[in-house]
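Here's a quick tour for anyone opening this one up for the first time. Have a look at the sequence and the model, then read on.

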Amino acid sequence: DIPFRWGRLDASNCDFDLGKLPDSEGNLDSVKAWAMTQLGMTEEETVALMGAHTLGRAVPANSGYEGEWVPQDAVLDNVYFHDLITRPWSRTTNDFTNLGIGRTTTQ
């Protein structure tokens, strides 16, 4: 038997360091290079990790983007991948410099 442990330890602050996450403005090659270099993952493992975008949302402080990736962001399913393939993509510009992030992003 493996003992079950509830939750995680929360911290009062986070020493976020750019480079721990892939560049939100990068392309597929940059995500693959990040996953292989930082995490030692294969392409298949990277795709599985990217599926986590079906849960939660983007916040400007982490990525420069705001909002959920899929309409029901509390359900673990394959909607993120389905949307990547089937939903039209339109470019919009977000200015988050007023939030102290110091960058404008295009999505």
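A residue is called buried here if its relative accessible area is under 20%, exposed if over 50%, and partly exposed in between, using a 1.4 Å probe and protein chains only. By that yardstick Arg 57 is partly exposed, since its relative accessible area is 46%. What you're looking at is a predicted model, so local features need pLDDT of at least 70, side-chain atom pairs count only at pLDDT 80 or more, and totals for chains, interfaces and linings use all residues. Residues are numbered from 1 along each chain as its sequence is written, and side-chain values use heavy atoms, with hydrogens and water left out.

**How far to trust it**

- The predictor's confidence in each residue is its pLDDT, which runs from 0 to 100.
- Across the chain the mean pLDDT is 78, and 75% of the residues reach 70 or more.
- Helices (H or I, at least four residues) and strands (E, at least two) are DSSP runs, numbered from the N terminus.
- Confidence peaks in helix H2 (residues 43–50), where the mean is 90, and is lowest in strand S4 (residues 104–106), at a mean of 57.
- Where pLDDT is low, the predicted coordinates should not be read in detail.

**Salt bridges**

- A salt bridge means a side-chain nitrogen of Lys or Arg within 4 Å of a carboxyl oxygen of Asp or Glu, and that rule gives a count of four.
- One of them joins Lys 32 and Glu 43, whose closest N and O atoms are 3.3 Å apart. This pair links distant parts of the chain, with Lys 32 in helix H1 (residues 28–39) and Glu 43 in helix H2, 11 residues apart.
- Lys 32 is partly exposed, as its relative accessible area is 22%, and Glu 43 is partly exposed too, at 44%.
- Another salt bridge runs between Arg 57 and Asp 73, with 3.7 Å between the closest N and O atoms. Here again distant parts of the chain are linked: Arg 57 sits in strand S1 (residues 57–58) and Asp 73 in the loop between strand S2 (67–68) and H4, 16 residues apart.
- Asp 73 is partly exposed, with a relative accessible area of 23%.
- Salt bridges also connect Arg 57, Glu 68 and Asp 73 into a network.
- Asp 83 and Arg 87 meet through their side chains in a salt bridge as well, at 3.4 Å from N to O. Asp 83 counts as buried at 14% relative accessibility, whereas Arg 87 is partly exposed at 49%.

**Aromatic rings**

- Rings of Phe, Tyr and Trp (its six-membered ring) pair if their centres lie within 6.5 Å; planes under 30 degrees apart count as stacked, over 60 as edge-to-face and the rest as tilted.
- That rule turns up two aromatic pairs. Trp 69 and Tyr 80 make an edge-to-face pair, 6.4 Å centre to centre with 85° between the planes.
- Because Trp 69 lies in the loop between S2 and H4 while Tyr 80 is in helix H4, the pair ties together parts 11 residues apart in sequence.
- Tyr 80 and Phe 81 have ring centres 5.6 Å apart and planes at 65°, so this pair is edge-to-face.
- Ring pairs link Trp 69, Tyr 80 and Phe 81 into a cluster.
- Tyr 80 is buried, with a relative accessible area of 10%. Trp 69 is partly exposed at 36%, and so is Phe 81 at 29%.

**Around helix H4**

- Asp 83, the buried partner of that last salt bridge, belongs to helix H4 (residues 79–86).
- Contact means heavy atoms within 4.5 Å. Setting aside neighbours within four places in sequence, Asp 83 is in contact with Trp 69, Val 70 and Pro 71.
- His 82 is in helix H4 too, and is partly exposed with a relative accessible area of 47%.
- Between the C-alpha atoms of His 82 and Val 70 there are 10.0 Å, with the two residues 12 apart along the chain.

**Inside helix H2**

- Thr 46 lies in helix H2 and is buried, with a relative accessible area of 5%.
- Which residues touch Thr 46, leaving aside its neighbours within four places in sequence? Thr 46 is in contact with Val 31, Ala 35 and Met 41.
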